[in-house]
Amino acid sequence: MRSNLRRHVSGSKFQQIRSSVENGGQGLAESLNHHVDEHTALLHRAFHNADGDPFYKDERPWVRWPSKFGYIAWQILTSNPVNVLLVFVPLGIVFGAIHANPTVVFILNFLAIIPLASLLSFATEELSVKLGQTLGGLMNATFGNAVELIVSIVALKNGEIRIVQASMLGSILSNILLVLGCCFLAGGIKYKEQNFNSTVASTMSSLMAVSTASLIIPATLYAAMGSSDAEDSRQDNILILSHGTAIILLILYGLYLFFQLKTHAHLFDEESEPSSGGDNEDAEQHEVHILGPWAAGIALIIVTVMVAVCAEYLVDSIDSIVESAHISRTFIGLILLPIVGNAAEHVTAVVVAMKNKMDLAIGVAIGSSMQIALLVTPFLVVLGWIIGQPMTLHFEIFETVVFFLAVLVTNYLISDGKSNYLEGAMLFGMYIIIDFVGLLREVHTFKQLE
């Protein structure tokens, strides 16, 4: 009897029952039903052992480890409502593998990348939890751009230069106008005024101005050469200029990292005092983190591979979308793809802004834009140089002017190191205006095709 009882009851509960038996059996029923009785919820009974502990804390390893894996997976899946879209990941891969209708493949993989970007952001946050706001913001910005980088590499490999250029510009505009605007707006509704490190913001805005110049100069050179020159000669000169400029931008980004992490790290470690006082700090201390460093690293690798697979099918279906739906590659890259890539960053930045962690929000929003301008775009130019694709920094006049105005407005608003909801509304409004102009261009193009 004791051995049968031991198989069903473990630990302190067995000792309690044994003690009851030795005392004449009194209270045996009470001991067996101390934790589980008719008032205990069915779900509680299903996921807890006889001691009342959850199965992922059970002493038996063959019970504990599978239960712990299931518990962690459930916590990850329920960490963000957008994860319900994960059902589109296997659908997008299967439909892409069987070469189904390109429009269906595009839509399925478009929806699939959104939750994958969210999981990428979640794993990054778990990995960077002990790194502080500076390194945490840098990691969030870096892995937040992984989706754009993967999609752009696939598109560049397929020769979709316009998709790559428009996607880079769209990601920058989405971050500095939409994401930052929503941060200021959401944080400004909760707090009357929020402060952030003005030195960091000034450094980032200066680098963004340099990146803006790197796009304006090729467009200016192209216009200055005039139509009298042969088109091939103009393109060759723009390509040479783009290669040299890309290398310089990569060097500048490397110097910025050395400046941020080594020589002037004290400037970036200065965090503004939260307006909510000790309550905000207490809430931060009680935040529960699900994944350890190794688990978060493995999750990053798995999710990155899934993003690459979905991105491959997404880009392969773009040509058919352009022909059937009469949507230009510029519209897809400028508006649609940034929605996919920046969804996770958007959520992360807004959440931390509402927690009054504006240094982290600035690091994610502007830091991500700066990475795209100074690291990702020049890297793609150099990569195109290596694989024989003519990727340049020569953007259309409309795109260059829009980029310049967006950076100009953003630099004005962050120069004082303070933010409020009105500034957020300004940035958000400007993003809506740019999208509206983009839609008008699409309508004009569609009418010309008719």
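The dialogue below goes through several features of a predicted model and how each is read.

Q: Which residues count in this predicted model, and how are they numbered?
A: Residues are numbered from 1 along each chain as its sequence is written, and in this predicted model local features need pLDDT of at least 70, side-chain atom pairs count only at pLDDT 80 or more, and totals for chains, interfaces and linings use all residues. Side-chain values use heavy atoms, with hydrogens and water left out.

Q: How many helices and strands are in the chain?
A: Helices (H or I, at least four residues) and strands (E, at least two) are DSSP runs, numbered from the N terminus. The chain has 20 helices and 2 strands.

Q: What span should helix α18 have, and how far apart are its end C-alpha atoms?
A: The expected span of a helix is 1.5 Å times one less than its number of residues. For the 30 residues of α18 (residues 358-387) that gives 44 Å, and the end C-alpha atoms are 40 Å apart, which agrees.

Q: Where is the kink in α18 centred?
A: The bend at a residue is the angle between axes fitted to the seven residues ending there and the seven starting there. In α18 a kink of about 40° is centred on Ile372, and just after the helix Gly388 takes a positive phi of about 85°.

Q: How many residues of α18 are buried?
A: Buried means under 20% relative accessible area, exposed over 50%, and partly exposed in between (1.4 Å probe, protein chains only). In α18, 25 of the 30 residues are buried, so the helix is largely enclosed by the rest of the structure; of the 450 residues of the chain, 46% count as buried.

Q: Why does a positive phi deserve a look in a residue other than glycine?
A: Most residues other than glycine have a negative phi. His99, not a glycine, has a positive phi of about 60°; His99 is found in the loop between α6 (88-97) and α7 (102-127) and is exposed, with a relative accessible area of 70%. Asn356, also not a glycine, has a positive phi of about 65°; Asn356 sits in the loop between α17 (329-354) and α18, and at 8% relative accessibility Asn356 counts as buried.

Q: Is Leu255, a residue of helix α12, buried or exposed?
A: Leu255 lies in helix α12, and at 54% relative accessibility Leu255 counts as exposed.
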